[in-house]
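Visitor: I should like to go through this model with you. May I put a few short questions?

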Amino acid sequence: MSNLDTTSEPAAGLETGRRWLPVLLLLFIGSGCAALIYEVVWFQLLQLSVGSSAVSLGILLGIFMGGMCLGSFLLPRFISPRYHPLRVYAALELGIGASGLIVLSVVPLIGGFYTTIAGTGQASLFLRAIVAGICLLPPTILMGATLPAIGRWVKATPSGVAWLGYFYGGNITGAVVGCILAGFYLLRLYDMPTATYVAVTLNVLVAALGFAIARVTSYTPAALESSTGLSSPESRLIYVAIALSGLTALGAEVVWTRVLSLLFGATTYTFSLILAVFLVGL
C-alpha cells in the first residue's frame, strides 16, 4: 500500500497541474497586454525625453528585446529550480509592475539631465542609449524571465511542454490588445500615468493569481540537466540562424515604422498600429 501511495501522489499532483494550464494561458495574455502597454508608454516617454527619430526607435526596441533576452538567459543561472516556478513567475510580475512605476517617475528626470548635456553625432547616440538602458533594462529583464520560469513547471506536467507554444501565442495575443488599448484608448483619452497604472494593475492581478495557483499545485524540481545546447557545431548554427531571423525582423520593424511615419506622421498611433500588425503576424 505504501508503494501505491507514493506513486499515486505525484500522479495526482501532475493531473492537478494539467487542469491549471488553461488558467496560466489567461495569465500570459494579461502579462503580454501589460508588457506592450508599457512599451507604447515608454516610447512616448522617450520621445519627450530624448527626441523622436528612427535612431531613438531603434535604441528603444534594441534595449527592450535585449533586456528580454538577458532575462531568459539569466533566470536559470540565478534562480534555483527548487523554488516553485509559479511563485517565481508571480514575483517577477510584481517586479515588472514596480519597475513600471519607477520608470514613469525616473524617465522625465533623466530626460531633463539629457537635454542639458546632449550634443550631436555619436555622443548624442551614446547618451540616448544610456538613458534608454537605465530606464528599460530592469523591467525588460524581468519580462524575459517569465516564460522560462513557467517552463520549469509545465515540464513536470503531462503534455506540458506543448503548452509553451500556447503560452507564447497567448502572450502575443495579449500584446496585440495592449498595443491597441494603449495607443488608441488610454493615451488618447487619458495620459501616460493612467496607462501605466492599468498595466501595473494587470501585473498585480496576474501575480495574485500566480501565487494562488502555486498554493494549490505541487511542484517537484526536475533533475538537473547538463548544459549541452551549444556544444555541437550544428546546434550553434541553429542559434545563429534564429538570431539572424530576429535581426531582420526587428530591422524591418524599424524601417516600416520610419516609412509609415512619413506617411501618417510620427505619432504614438503609428507606432501602436505597426506593433499590433507586426504581432498579429507573429
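Visitor: Is Ile-130 buried, partly exposed or exposed, and why?
Guide: Ile-130 counts as partly exposed because its relative accessibility is 34%; buried means under 20% relative accessible area, exposed over 50%, and partly exposed in between, with a 1.4 Å probe and protein chains only. This is a predicted model, in which local features need pLDDT of at least 70, side-chain atom pairs count only at pLDDT 80 or more, and totals for chains, interfaces and linings use all residues. Residues are numbered from 1 along each chain as its sequence is written, and side-chain values use heavy atoms, leaving out hydrogens and water.

Visitor: Where is Ile-130 placed?
Guide: Ile-130 lies in helix H4, residues 122-154; helices are DSSP runs (H or I, at least four residues), numbered from the N terminus. The C-alpha atom of Ile-130 is separated by 10.0 Å from that of Ile-63, 67 residues apart along the chain.

Visitor: Turning to the interior, how many residues has the largest nonpolar core?
Guide: The largest nonpolar core has 44 residues, such a core being a set of buried Ala, Val, Leu, Ile, Met, Phe, Trp, Tyr and Cys residues joined through side-chain atoms within 4.5 Å. Trp-42 is among those with the most contacts inside this core.

Visitor: Which element gives the most to this core?
Guide: H1 does, with 12 residues.

Visitor: And what does Trp-42 touch?
Guide: Leaving aside residues up to four places away in sequence, Trp-42 touches Phe-64, Gly-100, Val-103, Leu-136, Pro-139, Thr-140 and Met-143; contact means heavy atoms within 4.5 Å.

Key:
Helices (H or I, at least four residues) and strands (E, at least two) are DSSP runs, numbered from the N terminus.
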